[in-house]
Amino acid sequence: MKYSGLLMGVVMIAILAWPGVAVAGEEVEDEVAQEELDQPEESDQERGSSLLPLRPGMALKSGGGFYRSVPCQCVDRHLWTTQLVARMHLGWRATIEADLQFGSMLLGGRFPSEGWALGGRVALMEPQGRWWDGLHVRAGYRQWRVMGMRAEGSPGGYGALNWELEVFRHFYIEADAVVGRTFQAMQHWYLMGTAGVSTRF
Amino acid sequence: MNRTDYSTFFVVMTLGVGLALGAWGCGSSTACGEFPLDDEVRQCMVSEIEMMVVETFPFAEYKQVDLNEFSRQLRKTLEADSADDVFVGELSQAVSSLRDGHTRIERRGLQNPGVAPVDVEEKNGQLVVRSSDEDRFQKLVGQTIVAVDGIDADVVLRQAGLPMETGIEGEARLSGLTQALGGEEGTSLTLTMKSGEEVTMDRRSFFAEPQVTIVGDYAYLKLETFGFIDDLEKIDEGINESLDSRGLIIDLRGNGGGYPSVTDGLFGRLIEEEVEPFKLVDRHGELHRELKAPSRGKTFDGPVVVLVDRRTYSASNYFAHRMIEHDRGVLIGGHTGGGAASPQRGKMLVPGVWFQVSTHVLQPPTGFHSESGLKPTVAVDPNEPTAEDDERISTLTATPDPVLERALRYLEGLR
């Protein structure tokens, strides 16, 4: 939790220090008024490489799932999570992402959890204005800790199928189906679904 | 608002949430203030304790505690102008008059709580080594200690009355003389014996991990604590190793408790079908929640013996209660320590001094709660001589263990 402020601060600095973004926002607002009279609106994806090749973005997602203990070989608890994600989009094809995760594990009682992840996302197809263009695959490394652990935390990895849809310019809805594995202390597989919103510039 | 405005709004909101969470995560506060404890801080500490006990303590009637007398005793601690550590000790004494091990003041000062590799006791006013599971300290058993790190044994005996040390995470249970000899893991302490000999030893981690040992046809699972949620995985591995054994001994002697989720997880490996839940109720009998122990994973279906003693407390006592409530096993050893309360309210009064109060009581599906402890199915005096040399015992412990010996005989069909 104490790093979330730092993460948000880094993203804020990146956005504010990106001169093209702040200025372009104002210019685009004026241009939109004129362009709307002339032609259909383009989405971020359709405009693609006409924008800056590197574009910062953020996402906020939440969801839940199941925990399958490796030693027990049983699904014996549930997980909930909220994720604050910072992204750097590399054109339309790839994204680097870092996120902070806060949630809980339900095993009899509720055990607060926290973690962070570092990974990437790759688009499965070039955007052409179809609703399924927003399919991506994601993968990365995760560090996770739950209250009451003897160990400092547990490392792991994840893979996900991610879908996003631009509902209006710069603003997206997202959904993920995630499979992950955690090692060392509290070895488990997890299967989770998350949904949320994101934006990029 | 146009679409760019929506995006900006979203970013600002997310930043705001992030910074707020960051500030929350970074911040820490106490209920009453800091050391040194001035009159205002002490007044606050007394008021907070009094308020929490009066509002939620569930055992006043059961333990025949006069809460007015308790309040009087508590406020009396403000009369003397004692040193801060003495004041905290006096508060702890007042709280102990409630005779509830879960309602207590804790010291949370150790980063990595460590304990001495010898067990000591008070005998006739003297500090004596009771036992050690390390061969090199066996020669000290029964000997009198006159000083610890140069501190007179009389002072050490008084330090045993200090509040329990639970470590900064609140997960350890160092009380009495264990706490008096405790410190940071890895640090050393020197015992000066009555004979004049000086023995130096290193403190080991309080947090011993679950251990399973296969001894012939039987499996022996030593659990010193239920205080770590990730121990459930280690317990599962231990049960997996035990699946082919003819019987299982679960040793909860000295286990001061921890998370009921871990005990229910262990119990879930011993049953195939769902059992009735225990209930957590407040002092008015209102249900707070049910504690269920669903079957999980591969079941160990052989006979189970649970070794218990006076220090089997709280969540360990709860596990023992489940075993006999659902007729899943027997208890061998001594009367358990009890502790059927759940302390779900607590505050850091000043840095390193935590107060918590029992708020709910654990009720079994039938009968009464086990706050005062459970009688063993087979009572064994831990000091009685062992009947015979058993290689299996010597595999598990350096000292004679009549309780373990009886457990093995029980499993072999002798009672």
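How much surface does chain B expose, and what share of it do carbon and sulfur atoms supply? In this predicted model, chain B exposes about 18900 Å², and carbon and sulfur atoms supply 47% of that area; accessible areas were computed by the Shrake-Rupley method with a 1.4 Å probe, and for residues only the protein chains shown count as cover. For chain A, the accessible surface comes to about 9500 Å², of which 64% belongs to carbon and sulfur atoms.

Residues are numbered from 1 along each chain as its sequence is written, and chains are lettered from A and ligands numbered from 1 in the order in which they are written. Local features require a pLDDT of at least 70 and side-chain atom pairs 80 or more, whereas totals for chains, interfaces and linings use all residues, and side-chain values use heavy atoms, with hydrogens and water left out.

The model scores ipTM 0.81 and pTM 0.84. The mean pLDDT (the predictor's confidence in each residue, from 0 to 100) of chain B is 89, with 92% of its residues at 70 or more. Chain A averages 82, and 74% of its residues score at least 70. Two segments of chain A remain under 50: residues 16–33, with 7 contacts (heavy atoms within 4.5 Å) beyond four places in sequence, and residues 35–51, with 22 such contacts.

Chain B contains 11 helices and 23 strands, defined as DSSP runs (H or I, at least four residues, for helices; E, at least two, for strands) numbered from the N terminus. Its C-alpha atoms fill a box of roughly 80 × 60 × 45 Å along the principal axes. The radius of gyration, taken over C-alpha atoms, is 24 Å for chain B, which agrees with the value near 22 Å for a compact globule of 415 residues; the globule rule is 2.2 Å times the number of residues to the power 0.38. Of the residues of chain B, 53% count as buried, that is, under 20% relative accessible area (1.4 Å probe, protein chains only). Among contacts in chain B between residues at least 6 apart in sequence, 72% join residues at least 24 apart.

Helix H9 of chain B (residues 315–325) is mostly covered, 9 of its 11 residues being buried. Among them are B:Tyr318, B:Phe319, B:His321 and B:Arg322. The helix is followed by B:Asp327, whose phi is positive, near 55 degrees.

Chain A comprises 3 helices and 8 strands, arranged along the sequence as α-α-α-β-β-β-β-β-β-β-β. Buried residues account for 48% of its 201 residues.

Conventions: Buried means under 20% relative accessible area, exposed over 50%, partly exposed in between (1.4 Å probe, protein chains only).
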